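Q: I have a sequence and a model open side by side, and I'd like to learn how to read them. Can we go through it feature by feature?

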Amino acid sequence: MLLALFWGAPSMAQTFTLPVEFWLAPRSGQAVRAQPQLQQALTAYLQSERARIRVHHQKRDESIAQAEELRGWLIALGVEAARLELTDENPLDLIKLEIMEIR
């Protein structure tokens with residue numbers, strides 16, 4: 001029974017935080033791909049078919065809009081929409097990407 005509880009639990013997660021400067025400059029596919037934290041996050045995501053990306057944002061309108069925009073860019077870059085989720089559980093005023101593997 002204990003094994004059943006942990007079967008669906010995520011394993012160790014990696015976290016990447018986007019700097020404020022990312023949102024100050026115009027964004028294009030090339031600019032998004034060039035962002036080091038996003039490169040690292042996508043590399044971690046691509047290492048496993050069971051990897052998921054959770055985008056942490058705040059409940060503020062601007063933060064929600066940034067998370068939605070980032071979601072669109074990630075999908076355009078090949079992240080499966082079903083393996084991507086947004087959550088407003090973020091005490092920081094920065095967008096954070098959490099790459100986790102579901103067992």
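A: Sure, and let's start with a definition: buried means under 20% relative accessible area, exposed means over 50%, and partly exposed is in between (1.4 Å probe, protein chains only). One warning: this is a predicted model, where local features need pLDDT of at least 70, side-chain atom pairs count only at pLDDT 80 or more, and totals for chains, interfaces and linings use all residues. Residues are numbered from 1 along each chain as its sequence is written, and side-chain values use heavy atoms, with hydrogens and water left out.

Q: Is Leu77 buried or exposed, or in between?

A: Leu77 counts as partly exposed, because its relative accessibility is 27%.

Q: Where does Leu77 sit, and what does Leu77 touch?

A: Helices (H or I, at least four residues) and strands (E, at least two) are DSSP runs, numbered from the N terminus. Leu77 is in the loop between α5 (61-76) and β3 (84-87). Contact means heavy atoms within 4.5 Å. Setting aside neighbours within four places in sequence, Leu77 contacts Val32, Arg33 and Leu42. Gly29 is 48 residues from Leu77 along the chain, yet their C-alpha atoms are separated by 7.9 Å.

Q: What is the mean pLDDT of the protein?

A: pLDDT is the predictor's confidence in each residue, from 0 to 100. Here the mean is 86, and 88% of the residues reach 70 or more. Among the elements, strand β2 (residues 51-56) has the highest mean, 95, and helix α1 (residues 2-7) the lowest, 38. Over residues 1-10 the pLDDT stays under 50, and the model has nine contacts beyond four places in sequence for that stretch.

Q: How many helices and strands are there, and in what pattern?

A: There are five helices and four strands. Going along the sequence, you read α-β-α-α-α-β-α-β-β.

Q: In what order do the strands lie in the sheet?

A: The general idea is that two strands pair if DSSP finds at least two bridges between them. In this structure, four strands make an open sheet in the order β1-β4-β2-β3, with mixed pairing. β1 (14-17) and β3 are the edge strands, each pairing on one side only.

For angles, axes are lines fitted to C-alpha atoms (for helices, over the stretch in contact), and angles run from 0 to 180 degrees between N-to-C directions. Neighbouring strands of this sheet are turned by 20° against each other on average, direction ignored.

Q: Which pairs run parallel and which antiparallel?

A: β2 and β3 run parallel, joined by four bridges; there, Val55 stands opposite Leu86 in β3. β1 and β4 are antiparallel over four bridges, and Phe16 has Leu97 in β4 as its bridge partner. β2 and β4 are antiparallel too, over six bridges, with Ala51 partnered by Glu101 in β4.

Q: Which strands do helices α4 and α5 meet?

A: Helix α4 (residues 36-46) lies across β1, β2 and β4 (96-101), at about 155° to β1. α5 packs on the sheet and touches β2, β3 and β4, its direction making about 170° with that of β3.

Q: Which residues touch the most other members of the largest nonpolar core?

A: A nonpolar core is a set of buried Ala, Val, Leu, Ile, Met, Phe, Trp, Tyr and Cys residues joined through side-chain atoms within 4.5 Å. The largest one here has 21 residues, and Ile53, Leu70, Leu74 and Leu97 touch the most other members. α2 (20-24), α4, β2, α5 and β4 each supply at least two of its residues, and α4 gives the largest share, five. If you click on Leu70, look for its contacts beyond four places in sequence: Leu18, Trp23, Leu38, Val55, Ile95 and Leu97.

Q: Are polar residues like Gln66 and His57 buried or exposed?

A: Gln66, in helix α5, counts as buried because its relative accessibility is 14%. Beyond four places in sequence, Gln66 contacts Trp23 and Ile95. His57 lies in the loop between β2 and α5, and is buried with a relative accessible area of 7%. The distant contacts of His57 include Ser63, Leu86, Asp88 and Ile95.
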